[in-house]
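Here's a quick tour of how the parts of this assembly sit together. Have the viewer open and follow along.

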2 protein chains.
Amino acid sequence: MKSKGSLTIGQVAKQAGVGVETIRFYERERIIAEPPRRESGYREYDPEIVKRLHFIKRAQELGFSLKEIVQLLALRVDPRTSCAGVKKRAEAKLEEIERKIQDLKRMQKILKEVTAACVASKPITDCPILHCFDV
Amino acid sequence: MKSKGSLTIGQVAKQAGVGVETIRFYERERIIAEPPRRESGYREYDPEIVKRLHFIKRAQELGFSLKEIVQLLALRVDPRTSCAGVKKRAEAKLEEIERKIQDLKRMQKILKEVTAACVASKPITDCPILHCFDV
DNA sequence: CTTGACCCCGTAGTAGCGTACAGGGTTTAT
DNA sequence: ATAAACCCTGTACGCTACTACGGGGTCAAG
């Protein structure tokens with residue numbers, strides 16, 4: 001008794017490559033809309049939802065949090081907004097990424113220096129790595 | 001009625017630049033040892049604890065988790081170990097950092113391409129950034 | 001018609017790293 | 001002597017993004 005176009009939550013999950021629980025979680029958190037239900041209470045999804053979930057996954061891979069993704073989706077729904085709002089957010093995210101890279105490079109530099117100074121056979125009391133932490 | 005060498009938890013916290021609650025948390029999580037107590041129940045710290053907390057902060061800044069820091073501290077206590085164990089951990093951490101940097105660079109590249117393609121004045125429906133997510 | 005796969009809901013747990021009370025007792029400075 | 005500042009315990013909360021569980025109802029195949 002399933003109408004032709006619609007998908008169950010399990011089918012959506014499989015197609016989108018996420019767990020069923022994840023979809024219900026997104027619904028609870030208002031990241032996706034509540035779908036209509038069958039008589040039985042089963043959720044009935046428009047296949048478009050799969051694209052929405054792909055969007056979410058992709059944006060996550062690019063470093064956006066769910067909160068930020070909600071904002072991106074909201075922008076998109078509002079026809080008054082232009083590209084500019086999205087661009088601004090993407091640029092802010094770029095700056096954030098740049099900062100993270102710089103932080104990691106600083107860590108890397110120190111750890112490299114300190115492992116280079118380390119002669120593995122020395123006793124632990126002379127370990128330059130631990131001494132570097134000890135300051 | 002305080003013996004001269006020892007510090008209260010608040011003094012330790014101030015000197016180490018962490019919160020009092022953080023120190024109690026570390027104690028609960030067995031990251032630092034339980035100190036002796038006064039009659040009143042107050043913790044009495046050896047000033048060495050401040051160094052230990054600096055060690056923890058420093059290692060955190062270099063990307064080590066508390067769990068990993070516990071391991072480093074354990075290594076140090078064991079007089080049989082040599083520098084080698086520490087060096088191995090530092091090198092593993094270096095690899096991890098390198099991987100994170102590469103991941104972030106990939107995100108950066110895609111976001112840069114896509115924001116470059118974006119002409120801010122276009123309507124949202126044509127936004128190349130959102131279309132990049134839409135795949 | 002039964003069986004097994006699927007779905008419902010609500011609640012709770014996970015990990016990492018703390019932070020924030022509430023409801024007390026203690027120390028120290030004035 | 002009293003008040004401010006500090007300390008104690010225990011519990012709960014905050015964040016992110018899920019994941020799991022229990023106790024049910026529903027659906028499709030054989």
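## Around the axis

Let's start in the middle. Ile101(B) is the residue of chain B that comes closest to the rotation axis, with its C-alpha at 2.8 Å. Keep in mind that this is a predicted model.

As for the axis itself, chain B lands on chain A after a rotation of 180 degrees with 0.1 Å of shift along the axis, at an RMSD of 0.2 Å. The two copies are therefore related as by a two-fold rotation axis.

## Where the two chains meet

On the chain B side, 44 residues are in contact with 46 residues of chain A. Four helices of chain B each supply at least two residues of that side: helix 3 (48-61), helix 4 (66-77), helix 5 (83-116) and helix 6 (128-134). Helix 5 of chain B gives the largest share, 20 residues. Sorted by class, the side of chain B that touches chain A comes out as 26 nonpolar, seven polar and eleven charged residues.

Do the copies use matching patches? What we can say is that 100% of the interface residues of chain B are also interface residues in chain A, so the copies meet through the same surface.

## Around DNA strand D

Now for the DNA. There are 21 residues around DNA strand D, and the ones that come nearest are Ser40(A), Leu66(A), Thr8(B), Gly10(B) and Arg43(B).

Helix 2 (20-28) and helix 4 (66-77) of chain A, along with helix 1 (9-16) of chain B, each supply at least two residues of the surface near this strand. By class, that surface near DNA strand D splits into seven nonpolar, eight polar and six charged residues.

Note on methods: Residues numbered from 1 in each chain as written. Chains lettered and ligands numbered in written order. Predicted model: local features only at pLDDT ≥ 70, side-chain atom pairs only at ≥ 80, totals over all residues. Least-squares fit on C-alpha atoms with pLDDT ≥ 70 in both. Contact = placed C-beta atoms within 7 Å. Nonpolar A, V, L, I, M, F, W, Y, C, P; charged D, E, K, R; others polar. Near = placed C-beta within 6 Å.
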